[in-house]
Each structure stands twice: as C-alpha cells, then as structure tokens.
Amino acid sequence: METAFLQALINGILLGGVYAAYSAGFSLIFGVMGVVNLAHGELIMLGAFTSYWMFVSFQIDPYFSLPFAAVLLFALGYLLQKYILNRVIEQPHIMSYILTFGIHLMVSNIALKLWTHDFRSITTSYSGANAAFWGLNVPYARFITFVIALLVIAGLWLFLSRTETGRAIRATSLDKEMARLMGVNIREIYAVTFGVGAAITGLAGASLSPFVIIFPEMGLNYTIIAFCVVVLGGMGYVPGALWGGLILGLLQSLAATYLSAGISVAMTFLVLFFMLVFRPAGIVGKGQVA
C-alpha cells in the first residue's frame, strides 16, 4: 500500500509538471491581455508536430528541437496578435473568445488537411524507459518535461522581472492606461506577450512529443486542462500554473490509483467547478477574477 501511494505521488508530481509546462503561456496571455485563448491547444499541437517532423526528417532528438519550436511559435503568436487579435483587443471579451475559437478551428483544420487523421508518435532510445529505485519507477521523458516546466516558469519570471520588455509587460498588466502615458506601446507589448506565451506553449508541446500521441485534433483537450490548471493556480498569476498543475496532477493520480480512471478524468471538471464557485482567484488568491 505504501509503495502504491508513493508511486501515485511520483506520477502525480510528474503529471503536474507536464500540465504546468503547457499552462504557463495560457496564464501569461490572460494576465496581460485578459484573453482566454481558445486556440491554446493548437499551439501545443504545432509544437509537438514541429518536434515530430524534425525527428522524422533530420533525426533530431525531440528535446533538441525545443528552441526551433519556441522560435517558430513566437513568430506565429506575434503575427496573430499584431495583425488579427489586436483588432478586437479593446472590444468586449466575447469578441476575443469568438476570434480565438475561430483560430482554433482554422489551425486544426489546416493541420488536418496537411497531415490527415493519422496518429503519430516519436520512438527514441529512452521511450518507455524508467529509473527504478526502492520499487518505484520514474519515467525519464516525463521527468525531463517536469524539469523543463520548472526552468520555463523560472525563466519567465526572470524575463518579466529583470528585463525592460518584461517590466513593460508587467506595467501593462497592472495599468495599461498608465503604461501608455509612460510611453509604452501597448499594442506592441500585447504582440510580444502573445508571442512569448505562444513560444513557451510550443516549447511545452515539443517537450511532450516523446510520450504523447500526436494528431491534428489533439488541441482541444489540452486547452480544457490548461484552463483548469490556471483557474486552480489563479488566472493570470504565472507561478500559479505550477501549483495548479501539481495539485491537479496529484488529485488525478490518486483518483486513478484508488478509485478509477474515469473518476480521474472527471476530477478535472470537478476541480474547475468548485474553484470557480468557491475560490475564483485561485488557491493562493492572486488570480484575476474580473
């Protein structure tokens, strides 16, 4: 019983790291622009496909393809925000929801046309390999992704707190009118922010590629989980993505171990419901509620 419990904890922590890796960008974009990006999962899908095609075409290890995925998704996110989303950024929130949902449909259908319904996967020398100790197993790929999530969130915090662009992003998040009066180009900051959010999301998608099934319609499920994670950690509070991911990962892992896999999936929606009703600002109370 003790071994099963410890294994469930390890699985939950690693799963939470995976969740945090692809939820940080979602939280950043909402925190600065107030946009719930319904195309978030498609950015993950594109990051995973970037890693897949680089592995198939050039035999580049998935983890070495992370910078390429980040650069590609930064460019895509920057252009989407600058030339499309910026047109509705001052409009009621429903406009950005509709627009990002339209981008979700467009990107997934273009990917479907290019790459078909086929399921794809990446098989490496460490695929399915575990480090075993004291009767417990730690999958290498998931552990690497967990470490990447920690580095991404730490790097994002350093970027926001130590760079001029990061401080402009934070100022815009706190009071965009005052930031505008201080000479900050708000629309340019929005474009950079969306680009950074897309970059770390694409990087996360590439880091998932060694152990997930890759296909064009994979994005919606990731969007739902990312939304749950950032609500749990606090909408717009970037470090909360890590806490939200860990809590959700642990709850799901323990539910799957002691109850059933179906309850584990339902746990996502139960957590989302109770958080929205009883603590909309997140576990630590630092999220935006309006």
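**Ser-51, two cavities and helix 5**

Setting aside residues within four places of it in sequence, Ser-51 touches Pro-62, Ser-65, Ile-122, Ala-206 and Ser-209 in this predicted model. Ser-51 itself sits in helix 2, which runs over residues 40–58. Is Ser-51 buried or exposed? With a relative accessible area of 0%, Ser-51 counts as buried, because the cut-off for that label is anything under 20%. One of its contacts is also a polar one: the side chains of Ser-51 and Ser-65 are joined at 3.1 Å.

Next come the cavities. Counting those of 30 Å³ or more gives two. The largest has a volume of about 40 Å³. Its lining is made up of Asn-37, Ala-39, Leu-43, Leu-80, Leu-85, Thr-100, Ile-103 and Phe-194. Sorted by class, that lining of the largest cavity comes out as six nonpolar residues and two polar ones, with no charged residue in the set.

The second largest cavity holds about 30 Å³ of space. Around it lie Ala-39, Glu-42, Leu-43, Leu-46, Leu-76, Leu-80, Ile-103 and Val-107. Which elements give two or more residues to this lining? They are helix 2, helix 3 (66–83) and helix 4 (93–115). Helix 2, the helix that carries Ser-51, makes the top contribution to the lining of the second largest cavity, with three residues. By class, the lining of this second cavity has seven nonpolar residues and one charged residue, and no polar ones. Ala-39, Leu-43, Leu-80 and Ile-103 appear in the lining of the largest cavity, and these four residues also turn up around the second largest.

That leaves helix 5, which covers residues 140–162. From first C-alpha to last, this 23-residue helix reaches 32 Å, close to the 33 Å expected at 1.5 Å a residue. Which residues of helix 5 are buried? The set consists of Ala-141, Thr-145, Phe-146, Ile-148, Ala-149, Val-152, Ile-153, Leu-156, Leu-160 and Ser-161. An α-helix has 3.6 residues a turn, so residues three or four places apart point the same way. Among the buried positions of helix 5 are Thr-145, Ala-149, Ile-153 and Leu-156.

As for what lies over them, the cover on the buried residues of helix 5 includes helix 1 (2–33), helix 3 and strand 2 (136–139). Helix 6 (164–174), helix 8 (186–208) and helix 10 (240–258) are also part of that cover. Helix 3 thus has a part in two places: it contributes to the lining of the second largest cavity, and it helps cover the buried residues of helix 5.

Notes
Residues are numbered from 1 along each chain as its sequence is written. This is a predicted model: local features need pLDDT of at least 70, side-chain atom pairs count only at pLDDT 80 or more; totals for chains, interfaces and linings use all residues. Side-chain values use heavy atoms; hydrogens and water are left out. Helices (H or I, at least four residues) and strands (E, at least two) are DSSP runs, numbered from the N terminus. Buried means under 20% relative accessible area, exposed over 50%, partly exposed in between (1.4 Å probe, protein chains only). A polar contact is a pair of N or O atoms within 3.5 Å; within protein, one must be able to donate a hydrogen and the other to accept it, and residues adjacent in sequence count only if both atoms are side-chain atoms. Contact means heavy atoms within 4.5 Å. On a 1 Å grid over the protein atoms alone, a cavity is a set of points where a 1.4 Å probe fits but cannot get out, and a pocket is an open set with protein on both sides within 12 Å along at least five of seven lines; lining residues have an atom within 4 Å of a point. Grid points are joined across faces, edges and corners, and a volume is the space filled by probe spheres set on the points. Ala, Val, Leu, Ile, Met, Phe, Trp, Tyr, Cys and Pro count as nonpolar, Asp, Glu, Lys and Arg as charged, and the others, Gly among them, as polar. The expected span of a helix is 1.5 Å times one less than its number of residues.
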